[in-house]
Structures are given as C-alpha cells and as structure tokens.
Amino acid sequence: MVSVSLSWHKLRKRIHLLCFLAFLALPFLNVVRFDIPKERFYFAGYELWISEFAIIFFALMFLMFLVVASSVFYGRVFCGYMCPQMIFSEASVALETWLRKRVTRKFAQWKPPVRERVARGLFYAVLAVASVVLAFIFICYFVEPRDLWRRLASLDIHTAAGISGAAVTLIAFLDFTLVRQRFCTTVCPYGYLQGLLGDGNTLLVQYRDETHACIECKKCVRVCPMEIDIRDSPFQIECIHCAECVDACEEVMTRLKKPTLIHYAWGEKGELLSDTSPRPWYRRVGLRDGKRVVVLGVLLFYASGLFVALGMRRAVLVQIAPVRATLYRIGPDGRIYNQFRYRIANRGGKPGAVVFSIRQLPGASLGMAPNPVRVKPGESLAGDFEISRPPGRRDELVSHFTILTNTVPDGESDAIPMTFLAPTESK
Ligand code: SF4
Ligand code: SF4
C-alpha cells in the first residue's frame, strides 16, 4: 500500500505554533512595536523616533511589499499558514470540540443537554482567560509591556490603555466564540486584495480531475475550515489555500491506489507544485515572469534602503542653531557674546555624552557648563550657551566658524558650520 502523507496539515500546524510564539515574543523583544504613548517605532531591536522618517518609511514600505510579494507569488498562504485570526479561530474550534468530547466521555450518565451546557460553560471560561491574555499581548504592540502589566494588575479601565485592553478582550472573546473564520469573508480586506494581486502564475489550490475519478466521498468538503467545496472553483473568496482538502483527497485516493485530485498548482493552467520534472530553480520558487522580477526588485530596493538607513543611524543626535532674537551682546568685559541653542536626543539604549568645542574663531571662548553634556537613553535635552570673543575689526562683522561635537559612545564627530555676529562699529 502506498503511504499516506498528511504533510500540509502537519506543516501548517507547526507554522501556526511558530507564528503564535512569534506573536507572543515580538512586542517583548521590540522586533515590531509601535509605542503610542512614547511616540516610538521599534523595529528589529532599534528604537526609532517618529522624527526618523526615512527609516520608518523604508520599514513600512518593506513590510507592505513583503505582503504584496507573498500574495503575487504564493496567493493566500499567509491566510492559511500565518494569519493570527485564522490561527486563533482554528484553535478555538479545536478547543470547543475537545471539551465537548471530554465532557461526553467523562459524564456519559448525564443527559445530553446538561453535558452540552457544561461543555459550553467550560469553553467560555477558558476562552475568557485566553481573551485577556491575547488582548494583553495585542496591546503590548502599542504600549510598553511593563506599564501595561501595572495597569492590568490595578484593574485600570480609566486610561486609554485600560479601556483599549477591556475593549480588545471583549472583541477577542466575541470573535473567537461567534465570528471565527467568517471574519475572513466579511471584515478582512486581504481576501479581496488577493483577487487584484493574483494572476495566472500565482500559487493556488485546485481540483483537477480530467479522468472523472472523483468518488464523491466529500472528505475534502468536511475538512475544509471555510466550509466550501474546492471542486466548484479554485478562485472562491473563502479559500485560504490551507491545503487541508489536498491532504484529505490524497488520503482517500491513496487508499484506492489512484492519484490525488486536489493540488497546489502554479495558476489554473500551470504545472503542479509537486511536479518533479526538471525546471530552473527560480521557476520552482515562483519567479515565473517579469512581473515577479519587478515585485522582487521593489522589495529588494526597500530592504536595501532600510539596511542603509539603519547603518547610517546615529544613536545620539545633536542639533545646534543660533538664537538671533538678539544679534549679539557686549559684556562688561568688552567681549562680544552670541547665543546658541542645542538639542540633543539619545535614541539608543546606552547613556551618551556630547563634547562641544569651537574652531576657526581666534580668541573665542565657549561659555557652556556642563561640557560634556550627558544624556540618558531615550532622553531629549535642550539648552542655551554663549560664545564670546574680543571686539572685532570692521572686516570681522560676520565670522564663519565651526562648532565641533564629539559623541560618546558612537565615537562620531560632527563639524557644524556657524556664524558669529559682531557690532558694525569696531571698538
Ligand atoms: S476528497 Fe477527493 S475524491 Fe473525495 S470528494 Fe473530494 S475530490 Fe472527490
Ligand atoms: S478549499 Fe481547501 S484550500 Fe481552500 S480553504 Fe478549504 S480546505 Fe483550505
């Protein structure tokens, strides 16, 4: 007898587990997190400030084109294999079925309606706790986890985070008890978007039965989480390309020693994914026409832009500007003073310090205390300082000079061009 392989189901459940663990871990490891109260975007461990527009732009465009590329190449595999809504919907269905079976087995002497009520009550209780946990993790994508934990521990439902947590808990509970996979065909726009992005070379799940070998067992329909019949069309909006029907038909037809009738295929007319005939590697992975080369090129462009922008990023940002409300002042000692303002932002995770000095302004002195200016992680500082010099000659009414900044721990130096103004009459 030919061995039966349930590979897609097993693979899908393993990927579901990995995605669930990733969903739990991402906000805690700051891999992707948008901290609304702090106005920070965390990406791949970097703490990005809202002002770092280039990096945030490249990161968002990269993520967006990743979704586009995955849809053009592989259709709705994201829905079937990685979408949290699908993962939790299937888990809630599995939990409900398991509890019903356990209660029936354990309390066989009870009347069926009583068993049903007990199973339902248990299911709602477990799901209520799970909804609190899921809501907590979800809000952690937008609020610092320790801060959120403090609010949860004090049962805070007065602040925005507390109200959001309570609302998301309720939505999660209702979603995974009542809506589940119906969300995919009613609320979620991704299925409709797929219709625009897919074409004749996109991977899909298809029923092919040229020899009319189908035995009408309908196992493919019974296992479908979306409750559709793949034999009607490979383009049904409900189909999430999960391949449960592929496994089901393979199991049935293998018993009959016949080839399976449902497959992953590269488009309606393209070859099957399982086709082992010799083909270049790039066709095997889905790189099948110019459109896909362009999509991949755009994705690589944004990935490179993001890589370069992150590489050029400095943890400590220093800005200096002259304060021209008063052009200059003359001190009791006769020296001429100009005022300047600095802004320092430490966007890194370590304490930093900035050392200021001046160049190309003979006789000048820098009136700044303290110098270096120390700045804690995540802190923004602003302050004024003065530069003074002896009275100038007429040809030195405007002097061009440089303020040097040396930053620790970046070890970066910046030479910032600046002008010094003196009175129009020499003293
Ligand atoms: S599982 Fe296969 S044989 Fe059975 S109804 Fe579906 S397509 Fe036909
Ligand atoms: S038709 Fe097949 S691939 Fe589509 S959702 Fe149902 S089981 Fe999954």
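## A walk through the model, starting inside helix 13

Leucine 306 counts as buried, with 22 C-beta neighbours inside 10 Å; the cut-offs, using C-beta atoms placed from the backbone, are 20 or more other C-beta atoms within 10 Å for buried, 12 or fewer for exposed, and partly exposed in between. Before we go on, please keep in mind that this is a predicted model, in which local features need pLDDT of at least 70 and side-chain atom pairs count only at pLDDT 80 or more, while totals for chains, interfaces and linings use all residues. Residues are numbered from 1 along each chain as its sequence is written, and chains are lettered from A and ligands numbered from 1 in the order in which they are written.

Leucine 306 is found in helix 13, where helices (H or I, at least four residues) and strands (E, at least two) are DSSP runs numbered from the N terminus. Leaving aside neighbours within four places in sequence, leucine 306 is in contact with Ile55, Phe58, Ala59 and Phe62; contact here asks for C-beta atoms, placed from the backbone, within 7 Å. The C-alpha atom of leucine 306 is separated by 8.4 Å from that of isoleucine 56, although their positions lie 250 residues apart along the chain.

Those contacts lead us to helix 2, where Ile55, Phe58, Ala59 and Phe62 are among the buried residues, as are Ser71, Val72, Phe73 and Tyr74. An α-helix has 3.6 residues a turn, so residues three or four places apart point the same way. Helix 2 spans residues 53–74, 22 in number, and reaches 31 Å from its first C-alpha to its last, close to the 32 Å expected at 1.5 Å a residue; that expectation is 1.5 Å times one less than the number of residues. The cover over the buried residues of helix 2 includes strand 2 (40–43), strand 3 (46–49), helix 3 (77–82), helix 9 (190–197), strand 4 (203–207) and helix 13 (290–311). Following helix 2 comes glycine 75, with a positive phi near 60°.

Now let us step back to the domains. The chain is divided into domain 1 (16–51 + 78–193), domain 2 (202–288) and domain 3 (316–421), with bounds from an automatic or database domain assignment. The centres of domain 1 and domain 2, taken over C-alpha atoms, are separated by 31 Å. Their contact takes eight residues from domain 1 and seven from domain 2. On the domain 1 side, helix 3, helix 4 (84–106) and helix 8 (182–186) give two or more residues. The residues of that side divide into three nonpolar, four polar and one charged; Ala, Val, Leu, Ile, Met, Phe, Trp, Tyr, Cys and Pro count as nonpolar, Asp, Glu, Lys and Arg as charged, and the others, Gly among them, as polar.

The largest nonpolar core has 30 residues, and those with the most contacts inside it are Val205, Ile230, Ile240, Cys245, Val246, Cys249 and Ile262. Such a core is a set of buried Ala, Val, Leu, Ile, Met, Phe, Trp, Tyr and Cys residues joined through C-beta atoms within 7 Å. Helix 2, helix 3, strand 4, helix 11 and strand 5 (262–266) each supply at least two residues of this core, and helix 11 gives the most, with five. Because domain 1 and domain 2 both give residues to this core, it lies between them.

Two ligands come next. Around ligand 1 there are 14 residues, the closest being Cys214, Cys217, Lys219, Cys220 and Cys249; a residue is near if its C-beta atom, placed from the backbone, lies within 6 Å. Helix 10 (219–223) and helix 11 (244–255) each supply at least two residues of this shell, and the largest share, three residues, comes from helix 11. By class, the shell around ligand 1 has ten nonpolar, no polar and four charged residues. The residues around ligand 2 include Val205, Cys224, Cys239, His241, Cys242 and Cys245, and by class this shell has ten nonpolar, one polar and one charged.

Finally, a few backbone details. Alanine 44, in the loop between strand 2 and strand 3, has a positive phi of about 50° although it is not a glycine. Alanine 44 is exposed, with 12 other C-beta atoms within 10 Å. A cis peptide bond joins alanine 369 and proline 370, with omega about 0°, and the bond from asparagine 371 to proline 372 is cis too, with omega near 15°. Proline 370 sits in the loop between strand 10 (365–367) and strand 11 (373–375), and proline 372 is found in the loop between strand 10 and strand 11.

Notes:
Two residues are in contact if their C-beta atoms, placed from the backbone, lie within 7 Å.
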